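Subject: The structure I promised you

Hi,

Here is the structure I said I would send over. Have a look at it first, then read my notes below with the 3D view open.

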Amino acid sequence: MAKVLVVTSGKGGVGKTTSTAALGAALAQNGKRVVVVDFDVGLRNLDLVMGAERRVVFDLINVIHGDAKLPQALIRDKRLENLSLLPASQTRDKDALTIEGVARVISELREKFDWIICDSPAGIEKGATLAMHHADTAVIVTNPEVSSVRDSDRIIGLLDAKTAKAAAGEKVEKHLLLTRYDPARAARGEMLKVDDVLEILSIPLLSIVPESEEVLRASNVGAPVTLNAPQSTPARAYFDAAKRLQGEKFEVVVPEERRGFMGRLFGRRVA
Amino acid sequence: MTLFRFFARRPTRTTAPVARERLQILLAHERAVAGGSDLMATLKEEILGVIGRHFPLERDKVQVKLDRGDAFSTLEIDIEVPTLGQGNAAPRLAAAGGAPG
């Protein structure tokens, strides 16, 4: 049965779009049929991170308004045939999203895909609440930083109150994805530790994605990091996350960047 | 000199515990407020209505508090009733109950 997953955070710039692309690709690499849907109407970026910015013809708003059929708007990934993208509109704003329209698109997607991953816009307004509305599962992307943790707490509250599942008396399954984590700084007491964030937010941990240059390198070239550098530390963290989303259970470890001798000697100063 | 400074242990300020403590205090407060701003306001109004039929009540003497916890949440209702008749001590109605959540 299809699962609707929302990638959300409240705060902007924590890695929602990067994580959507990486998780989507990782699940597709595991053989699942995946669609990633950009809900950031007016400020779309998932197309760019996925490297499909020049292939956008129709978008989510066109489908909602009946200007295009869903298959016309879906962009199939050139590297993974079972991965598709439904882009957001760049010219309209989030008021063009309607609750009925989104419901129709999601139910149509449920028939074609195993995973529907909704990339939420930042904030707690219409775009964000519509992105989470149909979610079965939520990935809350959080940086080990006070404002991000606070906003994640708000989002967790909204997931428990304002979703279709909440209205039906059920719960959205919630997972914490800790991104831009620096184990060395956390060990020195300069950054919130994994346990600190977990204790404060009290939701289960999906994975820890370390701060890494591979993430920027991947978005520079328009490829999910799991495709661009599958052996890298962040890619392995996303592959682990994808496995856990599919129900596998194994211990979450704090990832360590594989460094050479020089890297270990100077890594501390660079960090 | 530069070499000396390189090896000298720089004093590190551990700011993470401060962040953790600030967040814990802030979120405890925000959860109490946002955890049910509508629900708390509605409850308070209804309690004022019901108890107010029997006792004259001042609005700020009714406190409704919800503490969200992992296993269960606690709803605390504290109503202070004014002195009745000739200088009787004010009866205090206090109710507290746990609710799953």
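**A serine in a loop**

The side chain of A:Ser89 reaches the backbone nitrogen of A:Arg92, at 3.2 Å. A second backbone nitrogen, that of A:Thr91, lies 3.3 Å from a polar atom of the A:Ser89 side chain. Before you go further, keep in mind that this is a predicted model.

Where does A:Ser89 sit in chain A? Look in the loop between strand E4 (83-86) and helix H5 (99-112). And is A:Ser89 buried or exposed? A:Ser89 has a relative accessibility of 1%, so it counts as buried. You can see what surrounds it if you leave aside the neighbours within four places in sequence: A:Ser89 is then in contact with A:Asp40, A:Val41, A:Gly42, A:Leu43, A:Arg44, A:Asp59 and A:Ile61. For a sense of scale, try finding A:Asp153 as well: A:Ser89 and A:Asp153 are 64 residues apart in sequence, and their C-alpha atoms are 29 Å apart in space.

**The sheet in chain A**

Now zoom out a bit. Chain A has an open sheet of 8 strands with mixed pairing, and the order across the sheet is E3-E4-E2-E5-E1-E6-E7-E8. Strand E3 (75-76) and strand E8 (205-210) stand at the edges; each has a single partner strand, so one side of each is left without a neighbour in the sheet.

A good pair to pick out is strand E2 (residues 34-38) and strand E5 (residues 115-119) of chain A, which run parallel and are joined by 5 bridges. If you want a spot to click on, A:Val36 stands opposite A:Ile117 in E5 of chain A.

**An asparagine and two positive phi angles**

Next, go to the loop between strand E6 (137-142) and helix H7 (146-161) of chain A, where you will find A:Asn143. A:Asn143 counts as buried because its relative accessibility is 10%, and the cut-off for buried is under 20%. A polar atom of the A:Asn143 side chain lies 3.2 Å from the backbone oxygen of A:Val14. Not counting residues up to four places away in sequence, A:Asn143 touches A:Gly13, A:Val14, A:Ser148, A:Val149, A:Leu178, A:Thr179 and A:Arg180.

That last residue, A:Arg180, deserves a click too. A:Arg180 is found in strand E7 (residues 173-181) of chain A, and its phi is near 55°, a positive value in a residue other than glycine. With a relative accessibility of 39%, A:Arg180 counts as partly exposed.

A:Ser202 also has a positive phi without being a glycine, with a value near 40°. You'll find A:Ser202 in the loop between helix H10 (194-201) and E8 of chain A. A:Ser202 has a relative accessible area of 40%, so this residue is partly exposed.

**Over to chain B**

How many helices and strands does chain B have? There are 3 helices and 3 strands, and along the sequence they follow the pattern α-α-α-β-β-β. Chain B has 101 residues, and buried ones make up 17% of them. If you take the contacts in chain B between residues at least 6 apart in sequence, 34% of them join residues at least 24 apart.

Strand E1 (residues 62-67) of chain B has two faces to compare: B:Val62, B:Val64 and B:Leu66 make up the covered one, while B:Gln63, B:Lys65 and B:Asp67 make up the uncovered one. E1 of chain B runs antiparallel to strand E2 (residues 72-80) of chain B, with 6 bridges joining them. In that pairing, B:Val62 has B:Ile79 as its bridge partner in E2.

**Where the chains meet**

Last stop: 17 residues of chain B are in contact with 16 residues of chain A. The area buried between the two chains is about 1,600 Å², and carbon and sulfur atoms give 55% of it. There are 8 residue pairs in polar contact between the chains (both at pLDDT 80 or more), and the salt bridges between them number 4. One of them joins the side chains of A:Arg150 and B:Glu30, at 2.4 Å from N to O.

Which element gives the most to the side of chain B that touches chain A? That is helix H2 (residues 16-34) of chain B, with 10 residues. By class, this side of chain B has 7 nonpolar, 4 polar and 6 charged residues.

Have fun clicking around!

Note on methods
Residues numbered from 1 in each chain as written. Chains lettered and ligands numbered in written order. Predicted model: local features only at pLDDT ≥ 70, side-chain atom pairs only at ≥ 80, totals over all residues. Heavy atoms only, no water. Contact = heavy atoms within 4.5 Å. Buried area = accessible area lost by both parts, 1.4 Å probe. Polar contact = N/O pair within 3.5 Å; in protein donor to acceptor, adjacent residues only side chain to side chain. Helix = DSSP H or I, 4+ residues; strand = E, 2+ residues; numbered from the N terminus. Nonpolar A, V, L, I, M, F, W, Y, C, P; charged D, E, K, R; others polar. Buried < 20%, exposed > 50% of the residue type's maximum accessible area, 1.4 Å probe, protein only. Pairing = 2+ DSSP bridges.
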